[in-house]
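This report looks at charged side-chain pairs and at how covered their members are. The overall make-up of the chain follows at the end.

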Amino acid sequence: MNKSIFMVFLSFLLVIPTLGMKSTAFAASTFSDVPSSHRAAKEIYYLAEGGIVQGTSSYQFSPNKSVTRAEAVTMIGRALQLDGTQRPTNFKDVGSSSFASGYIQSAVDKGIVSGYSDGRFLPNKTVTRGEMAIMICRAFDYPFNNSSSGAAQALMSRGIAEGLEDGSFGYSEPMIRADFSVFLARAINPDFRLKANTVKFDQNLTVNVNDLNVRTGPNNAYEKVGSLNKGTAVKGAYSVGAWYYIQAGSIQGFVHGNYLDGKGGSGGATNPTPPPTKPQPPTSNVDPRIKDQVIVIDPGHGGKDPGAVGYGIKEKDVVLATGLKVNELFKKTPFQVKMTRSTDKYVSLSGRVSYAESVKGNTFVSIHANAANGKASGSETYYYAATAKSNPHTADSKLLATKIQNRLVAAWNLTDRKTKPGDFHVLRENSMPAALVELGFIDNKNDNAKLKSDYWQNAAAKAIYYGVLDYYKAKGYKVDSLYSVAK
Ligand SMILES: [Zn+2]
């Protein structure tokens, strides 16, 4: 939370030394400009694993570089396994030697994209968010009314995109490679989406070979997650090119359509034994009121505001990484979860409150890291306690803060700086129970090591998740079965 002009200035001088950084989490090549803490790292490496995106050089991905029409069509073409063989096209400005000529022509043939009326394709033109929405809808066969707004709606309803903080979709905003990767990964694999249950497994299919590999993505480069035998009944949701996203018992993933019978209709195939129920988070014995509860996760700072800095890392980055992990946990439950920011962007304090109000938040959790000239250490959680006319939920806010603090101290084993009242804007001005957790001190070497560690961020995310469940439990909600989600 603490910051000063000096800190802000410092953060421009300190460059995170990510070059040469290696992570065993990534099977594919690593890009020096996409560390595991990058907000789009998961999606970029997921696409890179399947060769759907490639670096701009052997070591770099250039996540902030804008996406041209040629590049967008190439990424979509690789995802859909279109014919990318370089060849002559319908367009006077795309010669057969252009790297994208094959994908451009294939995408045009499929109706995913079209050229301009003057016979040009403008391959080097930057793709806007509106154009991206239309391309993805056409590529993945989402019904929409052929307008950008219809396409945006189709993506938002599936948890693939969300509006900007000002409420607009930003149709004419240019797309950068990181964001395009995020949208494409979400379209391909629902595990990346912002909402749970956006996919219906409504096609009855039957496996027609033995030892059919189920993979995490739509081509053979993706990791195998299971194997199916001939005659197995599976449920199909949709296809990505020739590959089908299927569910069979506890297995979900992609298989090649050549090895499935019964395609082209729902419920058409013989299906004598229904697939066993998926042993997922048991939601049937969860309090039915939970699905109406909206949890707002608020990673502090962002964009031009780095927050506190220490040992080469910025508060805005570690709290975002942690917040995204909390979001992932809640997405596995019937709770609704919203984030005031899910990318490295600046959101004002009042913008955070008005966002929480606009999504009708029931519980607000702000995530921060502290700084105090390296002298202090430990975790603490705040709530608003004044008896003023502002946030009236003092008792519930304190309960929420206490539950989170207890879980965090148990998980992180840093000094317990306790739950305490604090007069912070996002606590005071919200009209829902709200807590602000300071995970640790970014300028303390020991705390800093935990803040920047993926392992400890996961532990903190789990602690916050458990803390919120503890809070709901204390309020009389039946949530016991949701603890196993974070196991
Ligand atoms: Zn802060």
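In this predicted model, Lys473 is partly exposed, with a relative accessibility of 43%. Its side chain meets that of Asp480 in a salt bridge, with 3.0 Å from N to O. In general, side chains of opposite charge can pair when their charged atoms come close.

The count of salt bridges comes to 19. Three of the pairs are set out below.

| Pair | N to O distance |
|---|---|
| Lys473 and Asp480 | 3.0 Å |
| Asp344 and Lys316 | 3.1 Å |
| Glu328 and Lys331 | 3.4 Å |

**A pair between a loop and a helix**

Which parts does the salt bridge between Asp344 and Lys316 tie together? Asp344 sits in the loop between β11 (336-339) and α9 (349-358), while Lys316 belongs to helix α8 (residues 315-331), so the pair connects parts 28 residues apart in sequence. The distance from N to O in this pair is 3.1 Å.

Is Lys316 buried or exposed? Lys316 has a relative accessibility of 8%; the cut-off for buried is under 20%, so Lys316 counts as buried. Its partner Asp344 has a relative accessible area of 34% and is partly exposed.

**A pair within helix α8**

Glu328 and Lys331 also form a salt bridge, and their closest N and O atoms are 3.4 Å apart. Both residues are in helix α8, three residues apart, which means that about one helical turn separates them. Lys331 is buried, at a relative accessible area of 9%. Glu328, at 22% relative accessibility, is partly exposed, because partly exposed covers the range between the 20% and 50% cut-offs.

Glu328 and Lys331 do not stand alone: Lys42 is linked with them in a network of salt bridges.

**The chain as a whole**

The protein chain has 13 helices and 15 strands. Of its 487 residues, 53% are buried. How much of the contact count comes from residues 24 or more positions apart? Among contacts in the protein chain with a separation of 6 or more, such residues account for 71%. The exposed area of the protein chain is about 21200 Å², and carbon and sulfur atoms supply 51% of that area.

Definitions and conventions: Residues numbered from 1 in each chain as written. Predicted model: local features only at pLDDT ≥ 70, side-chain atom pairs only at ≥ 80, totals over all residues. Heavy atoms only, no water. Salt bridge = Lys/Arg side-chain N within 4 Å of Asp/Glu carboxyl O. Helix = DSSP H or I, 4+ residues; strand = E, 2+ residues; numbered from the N terminus. Buried < 20%, exposed > 50% of the residue type's maximum accessible area, 1.4 Å probe, protein only. Contact = heavy atoms within 4.5 Å. Areas by Shrake-Rupley, 256 points an atom, 1.4 Å probe, with all protein chains shown as cover.
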